[in-house]
Amino acid sequence: MLSFTPLGRTSQVYLPLESDTDIWNLHKAPFENATSHLIFDTINSLLQHWTNTRYRNGHTIVPATLPAGTILYHGTYSNRIPINPEWVASDTEHARYFCLGHGTTDNNRGCWQLTLVAKSPLKILYFDGSSAAKLEDGPIDTQDILLWGKSRPDMLLAENIRIRKLCDWGRKYGIHGFLRMQAGFEIMLCDFFKDVEVVSFLNLATDIVLPPDILLGPSNVSKYETLEDPLLPQPTSWPPLPIPENLLGMAVDMVEVGTWHNYYPGDTRVRLDLSRAISFYDTDSFPSLVPLRHGKERWYHRVDGISTKDVQTLRNRLDEILTEDQWEHATSVDWRAQFHVITNRYSERLEILRYMITNITDTQRAADRAFDQLRKLLSPYRLHTAVPDNTPYTSARKISNHSWAVPVFKLCATTHTDYLAKLPNLTPSEKMMLSAMEDVNKEICRVLVKLWAEGIEWGLVPWKDVARSGYELRKLLDGWKVEVDMLMKWLDWSVWARCPEPCGPEEMCYMPTWPFFTDLSPTSPNESEARPRLRPQPRCVRKFPPYNDIFT
């Protein structure tokens with residue numbers, strides 16, 4: 001049974017079977033190691049730049065397609081179409097960042113931008129998080145686990161090897177490429193001559209000229225000059241100092257374009273097949289990761305350390321979902337839209353509720369306003385018959401179990417999912433998402449109904465003429481604030497992560513992202529305060545000169 005399973009359909013952490021009374025207990029919070037809220041938020045944030053920059057260590061792998069007609073860009077210093085796997089970007093500003101002039105300042109040869117178009121749908125595999133960030137803290141874990149069964153810090157910068165091995169692995173499944181994210185979205189394209197055609201291959205003007213010994217490092221100059229189809233190695237240090245302002249400007253442009261995909265629906269050019277999604281937060285499939293996460297904040301959740309058995313589960317599952325015809329008969333449920341309904345309904349209203357019970361000048365007015373907000377949130381479920389008995393609610397009275405409010409709780413928790421739970425042909429992935437949606441919706445409803453019921457029992461309604469002292473009301477509001485704070489911390493929706501102050505018209509709200517870190521050394525969680533890249537916090541940066549440095 002789930003540690004916290006509202007309707008008891010799937011399991012994540014094994015506990016004794018709960019009774020119906022336990023399941024609908026308004027005082028029972030989720031189990032400590034429950035992961036439904038993590039599955040919910042990762043699925044709800046797929047293809048969205050903001051959350052996947054804030055939490056870089058991805059935990060989801062999803063089959064997807066890139067529709068015919070999609071334009072892709074490849075920036076390079078060479079006028080040859082790659083004959084080996086290489087990278088393409090979905091936005092030209094991202095590719096432009098790699099379109100660096102080759103030569104010298106006096107002999108600027110310009111750079112090359114290859115533009116491709118998908119002739120037919122391209123089959124891709126999406127790794128969520130900042131899965132293109134070459135950091136030792138975990139963003140590339142899921143790729144390493146797939147290829148080598150464990151995290152490989154020694155292969156961190158071996159991107160040429162990684163892309164070729166991924167393409168070799170995916171060939172039998174007909175995979176065209178692998179979708180990843182850094183400052184923007186990129187695709188590791190396995191074959192530049194398969195199901196894509198050239199739109200243009202332009203020798204573009206550029207003011208940025210980096211000679212080979214800077215672009216590639218001195219040890220790579222001979223490789224650069226002799227390879228028939230050179231692949232650009234990763235720099236051993238970044239950024240090249242001092243940073244030219246025009247290079248900084250290109251970096252800011254790339255970051256700005258990434259912000260176009262910050263929130264729902266994210267990058268709409270990719271079609272995800274969530275009926276085949278795999279989540280490493282699914283503790284039924286990957287139980288070895290549970291103790292590795294225990295007691296750690298989400299910033300430090302990793303897939304590194306997964307057991308050999310769970311690695312084999314991953315590979316078997318990928319083999320199933322990428323080959324079997326049964327997946328063509330999955331439900332037509334739009335799971336991302338279903339999840340978005342929940343976040344759209346509650347995200348802003350929970351913030352307002354927290355504001356009302358935090359910024360208090362008049363206790364009675366604050367209590368009345370907060371209670372009115374609770375009534376508004378629960379208005380579709382407040383049954384006419386759901387009223388408490390007439391027992392006086394005094395400080396000496398034991399804590400009410402609010403049993404009279406349970407019918408409201410059940411309606412609130414099940415209205416969005418009851419029909420979905422009855423569908424006969426849910427895939428394992430869909431059952432996982434349904435369970436996550438049920439659990440998250442239930443916990444939101446549990447807290448809201450509990451506070452609403454307390455408000456009625458305390459007399460915050462017109463038909464109860466109960467006088468409360470300012471001290472009593474303040475105590476009630478303090479308790480409500482604890483409950484709402486805990487709920488929002490548990491949900492941890494990144495839509496609540498904002499710049500401290502509104503950014504000006506020449507600024508954008510920026511979440512620190514790879515590769516714009518001056519400190520790329522590995523670090524442990526207890527050094528997090530000294531290494532802000534591990535716990536990125538948004539800040540305003542300029543979009544136009546003079547730039548205030550985006551490097552952290």
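## A bend in the backbone after α17

Just after helix α17, aspartate 492 takes a positive phi of about 55 degrees. (Helices are DSSP runs of H or I with at least four residues, strands are runs of E with at least two, and both are numbered from the N terminus.) Before going on, a word on where this comes from: this is a predicted model, in which local features need pLDDT of at least 70, side-chain atom pairs count only at pLDDT 80 or more, and totals for chains, interfaces and linings use all residues. Residues are numbered from 1 along each chain as its sequence is written, and side-chain values use heavy atoms, with hydrogens and water left out.

## The helix itself: α17

Now step back into α17, which covers residues 470-491. At 1.5 Å a residue, its 22 residues should span 32 Å, and the end C-alpha atoms are 31 Å apart, which agrees. (The expected span is 1.5 Å times one less than the number of residues.) Its buried residues are Leu473, Leu476, Leu477, Trp480, Glu483, Val484, Leu487, Met488, Trp490 and Leu491. Seen down the axis of α17, these fall within an arc of 160 degrees, so they line one face of the helix. (Buried means under 20% relative accessible area, exposed over 50%, and partly exposed in between, using a 1.4 Å probe and protein chains only; the arc is that of the directions from the helix axis to the C-beta atoms.) Here's the general idea: an α-helix has 3.6 residues a turn, so residues three or four places apart point the same way.

What do the buried residues of α17 pack against? They pack against α2 (36-44), α12 (335-356), α13 (363-377) and α16 (428-457), where contact means heavy atoms within 4.5 Å. The face turned away from the buried side carries the exposed residues Tyr471, Lys475, Met486 and Lys489.

## A shorter stretch: α6

Helix α6 takes in residues 159-170. Its 12 residues should span 16 Å at 1.5 Å a residue, and its end C-alpha atoms are indeed 16 Å apart, which agrees. On the buried list for α6 are Glu159, Asn160, Arg162, Ile163, Leu166, Cys167 and Gly170. They cover an arc of only 165 degrees around the axis, which puts them on the same side of α6.

## Two strands side by side

Strand β13 (residues 507-510) shows a neat alternation: Met508 and Tyr510 point to one face and are buried, while Glu507 and Cys509 point to the other and are not. β13 pairs with strand β14 (residues 539-542) in the antiparallel sense over four bridges. (Two strands pair if DSSP finds at least two bridges between them.) Across from methionine 508, in β14, stands valine 541.

## Odd angles and cis bonds

Most residues other than glycine have a negative phi, and most peptide bonds are trans. A few spots here go the other way. Leucine 47 has a positive phi of about 70 degrees although it is not a glycine; leucine 47 sits in the loop between α2 and α3 (49-54) and is buried, with a relative accessible area of 0%. Histidine 402 has a positive phi near 55 degrees. You'll find histidine 402 in the loop between α13 and α14 (406-414), and at 1% relative accessibility it counts as buried.

As for cis bonds, the one from tryptophan 514 to proline 515 has omega near 10 degrees, and proline 515 is in the loop between β13 and β14. The peptide bond from proline 545 to proline 546 is cis too, with omega near -5 degrees. Proline 546 lies in the segment after β14.

## Two residues up close

Is serine 90 buried or exposed? At 12% relative accessibility, serine 90 counts as buried. Its place is in the loop between β3 (86-89) and α4 (92-96). Leaving aside residues up to four places away in sequence, serine 90 touches Ile71, Leu72, Tyr73, Phe185, Asp267 and Arg269.

Threonine 323 belongs to helix α11 (residues 308-323) and counts as partly exposed at 42% relative accessibility. The side chain of threonine 323 reaches the backbone oxygen of aspartate 319 at 2.4 Å. Threonine 323 and glycine 174 are 149 residues apart in sequence, yet 9.6 Å apart in space, C-alpha to C-alpha.

## The whole chain

How many helices and strands are there in the chain? The secondary structure comes to 17 helices and 14 strands. Of the 552 residues, 57% count as buried.

Conventions. Polar contact = N/O pair within 3.5 Å; in protein donor to acceptor, adjacent residues only side chain to side chain.
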